[in-house]
Amino acid sequence: MKRILTAAIALMSLSSFASAAEFSCGMAKAGTGGWIRPVIQVKIDPSTNEAWVRDDLTNRSVQGWYDAKLKVNNDKRYTVTWTYKDLTKDKKNQSAPSLDYRLTIVKSTLKANATMDPRGFNNRWTGRGKCKQVKS
């Protein structure tokens with residue numbers, strides 16, 4: 001009985017990742033300054049409205065999945081947002097304390113649009129690309 005209960009608890013804890021869809025998005029038309037990363041991975045769990053991202057910038061802080069928010073999940077698209085809070089510098093040695101990211105994936109075509117807004121500045125970086133579904 002104890003083994004069955006332990007197995008049930010283990011399966012329940014894995015259930016949120018089990019129903020998640022995972023995408024790898026190649027951002028071929030990334031913005032200047034390197035703020036939009038060339039590859040953004042995203043994991044979305046529509047059943048819990050949770051999301052996680054991973055790219056070479058978030059890997060500087062967290063090895064693995066970085067917490068994000070699933071802002072939109074409808075018939076047409078997913079929109080995921082996250083804030084990168086570590087002080088970072090771009091190729092021109094400019095920095096911002098917080099970077100607000102938004103990634104939208106069109107479900108029918110898997111085309112992606114990304115934006116990054118540095119807090120405290122009026123700039124906005126954008127990028128476009130295409131995703132492929134890695135897992136579902």
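These legends describe close-up views of a predicted protein model.

**View 1. The whole chain is built from one helix and ten strands.** The protein holds 1 helix and 10 strands. The helix comes at the start of the pattern, which reads α-β-β-β-β-β-β-β-β-β-β along the sequence. The protein has 136 residues, and 39% of them are buried. Its exposed surface is about 8500 Å². Carbon and sulfur atoms supply 52% of that surface. Among contacts between residues at least 6 apart in sequence, 43% join residues at least 24 apart.

**View 2. Eight strands close into a barrel.** The order around the closed barrel is S1-S2-S3-S4-S5-S8-S9-S10. The pairing is antiparallel. On average, neighbouring strands of this sheet are turned by 30° against each other, direction ignored.

**View 3. Strand S5 pairs with S4 and with S8.** S5 covers residues 77–84. Of its 8 residues, 6 are buried, and the strand is mostly covered. S4, residues 66–73, runs antiparallel to S5 and is joined to it by 4 bridges. The two strands form a hairpin, with 3 residues between them. Asn73 has Tyr78 in S5 as its bridge partner. S5 also pairs with S8, residues 99–106. That pairing is antiparallel too and spans 8 bridges. Here Thr81 stands opposite Arg102 of S8. In a regular strand, side chains alternate between the two faces of the sheet.

**View 4. A nonpolar core draws on the barrel strands.** The largest nonpolar core has 28 residues. Those with the most contacts inside this core are Phe23, Val80, Trp82, Tyr101 and Leu103. Eight strands each supply at least two core residues: S1, S2 (39–45), S3 (50–54), S4, S5, S8, S9 and S10. In soluble globular proteins, nonpolar side chains tend to be buried together.

**View 5. Tyr101 and its contacts.** Which residues does Tyr101 touch, not counting residues up to four places away in sequence? Trp35, Ile36 and Leu57 are among them. Val80, Thr81, Trp82 and Tyr84 also touch Tyr101. Thr115 and Met116 complete the list. Val80 and Trp82 appear again beside Tyr101 among the core residues with the most contacts inside the core.

**View 6. Ala114 and Thr115 in strand S9.** Ala114 is found in S9, residues 111–118. Thr115 lies in S9 as well. Are these residues buried or exposed? Ala114 has a relative accessible area of 3%, so Ala114 is buried. Thr115 has 16% relative accessibility; the limit for buried is under 20%, so Thr115 also counts as buried. Neighbours within four places in sequence are left aside in the contacts that follow. Ala114 is in contact with Met27, Ile36, Arg102, Leu103, Trp125, Thr126 and Gly127. Thr115 is in contact with Ile36, Asp100, Tyr101, Arg102, Arg124, Trp125 and Thr126. Ala114 and Arg37 are 77 residues apart in sequence. In space, their C-alpha atoms are 9.4 Å apart.

**View 7. A disulfide links S1 to S10.** How many disulfides are there? The count comes to 1. This disulfide joins Cys25 to Cys131, with 2.0 Å from S to S. Cys25 sits in S1, residues 21–29, and Cys131 in S10, residues 125–135. The pair is 106 residues apart and links distant parts of the chain. The torsion about the S-S bond of Cys25 and Cys131 is about 100°, so the disulfide is right-handed. Cys25 and Cys131 are both buried.

**View 8. Two loop residues have positive phi.** Most residues other than glycine have a negative phi. Asn49 is not a glycine, yet its phi is positive, about 60°. Asn49 lies in the loop between S2 and S3. Leu110 also has a positive phi, near 60°. Leu110 belongs to the loop between S8 and S9. With 21% relative accessibility, Leu110 counts as partly exposed.

Key. Residues are numbered from 1 along each chain as its sequence is written. This is a predicted model: local features need pLDDT of at least 70, side-chain atom pairs count only at pLDDT 80 or more; totals for chains, interfaces and linings use all residues. Side-chain values use heavy atoms; hydrogens and water are left out. Buried means under 20% relative accessible area, exposed over 50%, partly exposed in between (1.4 Å probe, protein chains only). Contact means heavy atoms within 4.5 Å. Accessible areas come from the Shrake-Rupley method with a 1.4 Å probe; for residues, only the protein chains shown count as cover. Two strands pair if DSSP finds at least two bridges between them. A disulfide is a pair of cysteine sulfur atoms within 2.5 Å. Axes are lines fitted to C-alpha atoms, for helices over the stretch in contact, and angles run from 0 to 180 degrees between N-to-C directions. A nonpolar core is a set of buried Ala, Val, Leu, Ile, Met, Phe, Trp, Tyr and Cys residues joined through side-chain atoms within 4.5 Å.
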